Structures are given as C-alpha cells and as structure tokens.
Amino acid sequence: MSDPRVRDTYDRLAARYGPRRWWPGDGPFEVIVGAILTQRTAWANVEKALVNLKRAGALSPSATRALSDDELAELIRPSGFYRSKARKLRAFLDLLDESFGGDLGRMLVAPGRELRPALLATYGIGPETADAILLYAARQPVFVIDAYTRRTFSRLGIRPERDTYDGWQRLFEESLPREAALFGEYHALIVGHAKDVCRAEPQCDRCALTEVCETGLGRHQVAGDERVMDDAAGDDEEVEDFVIAEDARERVRPA
Ligand code: SF4
C-alpha cells in the first residue's frame, strides 16, 4: 500500500527541521546498547548509562561481557529497569557469540531477512528495537515504527489498512525509496516533531503539517471547540499503552 502523502510529509518535516543525523552513538555497538537501554525511558537517562559504561571502559562486546551481572546492572542503573536491561544486553551478546562468533561486523552484514528473526527471537528485543538496530547499526533499509509515528500519522489521517506494527511498517516502506539514510532521517524527524510539536496536546498553530493534517484542519475550523480538546486527551496513555504492549511482547519471549 503506497501513499504519496508519506513522502510529502517527509519533505515538509525535512524542510522545517533540516538534517537530524541520527542515531546518537559512537559506533554500532553503542547504537545497539542505546537501542536496548532506551526502552521505556527518556534518552537523557540512556546517555547517563552510556557515560557510565564508557568511563568503565565497558562499551565493547568483550568488555561488556566481562562485567558481572551486578557490575553491568549498576552501570546502566540510570536507564531504569536496569536488571531487566542487563539481562537483555547479555541476551544480545549471547546471540552475537553463538550465531556470529562474537564478530559484530559479521552480524551487521548479515541479510536483514536472517538477522531480524534472530534479533526478534532474542530476549528483550521486540520489533522496534530490532528495527532500530538494523537501521541505525547495520544501516539496512528497515523502517522503525514507534508510538510517536502512530500518533502523528493517525492525526494526519495517514493510516495503514491494518493497525499493526507490520501494517505501519509496510505503509512507510512501500511509499518511499528503500534507502537506509532516508529511513533513518525520517524516523528521527518524526520523533523530534512528536516530542516538540505533535505532543500529547498538539501544538497545531506552530506545525509545519497543519495544512495537510486532518486533525490540524479540524482544530482550525472549530478553534476553541472543547470537544476537539477532549479528543486529544489521553494521548500520553495511548503512547504508554503501546510502549507497555511492546515491552510485554518482549517479556514473554524466551530467554
Ligand atoms: S497539525 Fe497538529 S495534529 Fe497535525 S501533525 Fe501538526 S501538531 Fe500534530
């Protein structure tokens, strides 16, 4: 299902915000660690954990593996859910060792059709985390879907036929040239826009998408209408529900 509005939205966001140059991280292993640690927490907390790991000289697969469970958990404590996340990092390292001989470079050049299922079968790695690793660490053209994407595009009136992770991903991947750099920029633009403008209470009066947005146009036509404000309520819960659902899927995966 291709939708030309997907590309048009990218052009508008890129014109407004300029290059994002994501993902923050010094090398693919740091990107992977960040992708796991950022589950259910703000990026500022992840940065503190990454600084701890760097200071301890532990931001490489072999150095992270050499840490005890308690040492690793303590270093990543600022990211929250730190014991569970330490277990997730260990599960990733087990996958790296058992399937790729501990060679991160070898893992990252594996075809996405092989690497994605292997990541998804790993404890603590759901579709969003797996796709962030594929896109930002392996530079493979896989579109990352998150709660911000679903919220913003639902408001725009651009939705897939099926409201599932795969449905949303197909919408983007079939509407855009299959380029990792483009996918990476677009996801970064969506996250920035959703955090700054299309927030739980959307700031439509300063949005670059107002003239093409179902919700934005509706708000302009009925400015001050309390019903519209009510419709926007609860978005934080919606985002949180999605995040929790993602986490729950991850928790039930076998270790
Ligand atoms: S116009 Fe409003 S609802 Fe639409 S994308 Fe912009 S901030 Fe979000």
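The protein chain folds into 15 helices and zero strands, where helices are DSSP runs of H or I with at least four residues, strands are E runs of at least two, and numbering starts from the N terminus. This is a predicted model, so a local feature needs pLDDT of at least 70 and a side-chain atom pair needs pLDDT 80 or more, while totals for chains, interfaces and linings use all residues. Residue numbers start from 1 along each chain as its sequence is written.

Some overall numbers come first. Of the 255 residues in the protein chain, 35% are buried. Here buried means 20 or more other C-beta atoms within 10 Å of the residue's own, exposed means 12 or fewer, and partly exposed is in between, with C-beta atoms placed from the backbone. Contacts are pairs with C-beta atoms, again placed from the backbone, within 7 Å. Taking the contacts with a separation of 6 or more, 66% link residues that are 24 or more positions apart.

Now for a helix pair. Two packed helices are described by the angle between their axes and the distance between the axes. For α1 (residues 4–17) and α12 (residues 180–196), the axes come within 10 Å and cross at roughly 70°. That makes the two helices, α1 and α12, roughly perpendicular, a label that covers 65 to 115 degrees. The crossing of α1 and α12 is left-handed. On the α1 side, the contact uses Tyr 10, Leu 13, Ala 14 and Tyr 17, and they meet Glu 185, Tyr 186, Leu 189, Gly 192 and His 193 of α12. By class, the residues of this contact are six nonpolar, two polar and one charged. In this scheme Ala, Val, Leu, Ile, Met, Phe, Trp, Tyr, Cys and Pro are nonpolar, Asp, Glu, Lys and Arg are charged, and the others, Gly among them, are polar.

Next, the ligand. There are 14 residues around the ligand, and Cys 198, Cys 204, Cys 207, Cys 213 and Gly 216 come nearest. A residue is near if its C-beta atom, placed from the backbone, lies within 6 Å. Two elements, α10 (147–156) and α13 (214–221), each give two or more residues to this shell. The largest share is from α10, with three residues. Sorted by class, the shell has eight nonpolar, five polar and one charged residues.

Helix α10 is worth another look. Seven of its 10 residues are buried, so α10 is largely enclosed by the rest of the structure. The buried residues of α10 are Ala 147, Thr 149, Arg 150, Arg 151, Thr 152, Phe 153 and Arg 155. Just after α10, Gly 157 has a positive phi of about 90°.

Two residues other than glycine also have a positive phi:

| Residue | Phi | Loop | Other C-beta atoms within 10 Å |
|---|---|---|---|
| Arg 21 | near 55° | between α1 and α2 | 9, exposed |
| Arg 139 | near 60° | between α9 (127–137) and α10 | 15, partly exposed |

The loop between α1 and α2 (28–37) also holds Trp 23. A cis peptide bond joins Trp 22 and Trp 23, with omega about -5°. Pro 24 is in the loop between α1 and α2 too, and counts as partly exposed with 15 C-beta neighbours inside 10 Å. From C-alpha to C-alpha, Pro 24 is 9.9 Å from Trp 43, and the two are 19 residues apart in sequence.

Note on methods
Two residues are in contact if their C-beta atoms, placed from the backbone, lie within 7 Å. Axes are lines fitted to C-alpha atoms, for helices over the stretch in contact, and angles run from 0 to 180 degrees between N-to-C directions. Angles under 35 degrees count as roughly parallel, over 145 as roughly antiparallel, 65 to 115 as roughly perpendicular and the rest as oblique. A crossing is left-handed if the near helix is turned anticlockwise from the far one by less than a right angle, and right-handed if clockwise.
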